[in-house]
Amino acid sequence: MSLSPLEIDELTRLEEAMWSEASRYDAAFQERRFADDFFEFGRSGRTYARAQAILPESAREVIRARLPLDALAFRRLDTHTIQVTYNSHVEYEGVVEHARRSSLWTWTEGAWVMRFHQGTPYEP
């Protein structure tokens, strides 16, 4: 089952929104888009629960991620679950860090929610 152009557009927008300050520090966006059972294996190797992933406005900092996302790909796992993969390139204190990224999105109650995310560092 391939994805529709509408699904690709929406999931691209949502994944890129995770790298945008305007949405990444927006509590309503985060509450709506992180599933109740969300967790992440971060690029750092740490594990984050949903409560840790929801960032308050007071934590706001500039996000220097390269957009559009590099090597963005989609894979339908079942009727309501899509895996999104890509390479991230993010500048932290003058150094660009690279990671292979994977997110699982589920269509739930009329909206896409992120259930899982993982970042694995790599050197290009």
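**Surface, fold and strand pairing of the chain**

About 7,100 Å² of the chain is exposed, and carbon and sulfur atoms account for 52% of that area. The structure described here is a predicted model. Of the 124 residues in the chain, 41% are buried. Its charged side chains comprise 15 positive and 20 negative ones, and the centres of these two sets are 2 Å apart.

Turning to the overall fold, four helices and six strands make up the secondary structure of the chain. Read from the N terminus, the elements follow the order α-α-α-β-β-α-β-β-β-β. The chain is as compact as a globular protein of its length, because its radius of gyration of 14 Å is close to the 14 Å that the globule rule gives for 124 residues. Along the principal axes, the C-alpha atoms occupy a box of roughly 40 × 35 × 25 Å. Contacts across the sequence add to this picture: among those between residues at least 6 apart, 49% link residues at least 24 apart.

Strand 1 offers a good place to look at the pairing in detail. This strand, residues 34-41, runs parallel to strand 6, residues 111-121, and four bridges join the two. Here Glu 40 sits opposite His 117 of strand 6. Strand 1 also pairs with strand 2, residues 47-49, this time in an antiparallel arrangement with three bridges. Phe 41 has Thr 47 of strand 2 as its bridge partner. Strand 1 and strand 2 form a hairpin with five residues between the strands, and in this hairpin Gly 45 adopts a positive phi near 100°.

Conventions. Residues are numbered from 1 along each chain as its sequence is written. This is a predicted model: local features need pLDDT of at least 70, side-chain atom pairs count only at pLDDT 80 or more; totals for chains, interfaces and linings use all residues. Side-chain values use heavy atoms; hydrogens and water are left out. The radius of gyration is taken over C-alpha atoms; the globule rule is 2.2 Å times the number of residues to the power 0.38. Buried means under 20% relative accessible area, exposed over 50%, partly exposed in between (1.4 Å probe, protein chains only). Contact means heavy atoms within 4.5 Å. Accessible areas come from the Shrake-Rupley method with a 1.4 Å probe; for residues, only the protein chains shown count as cover. Lys and Arg count as positive and Asp and Glu as negative; His and the chain ends are not counted. The place of a charge is taken as NZ of Lys, CZ of Arg, CG of Asp or CD of Glu. Two strands pair if DSSP finds at least two bridges between them.
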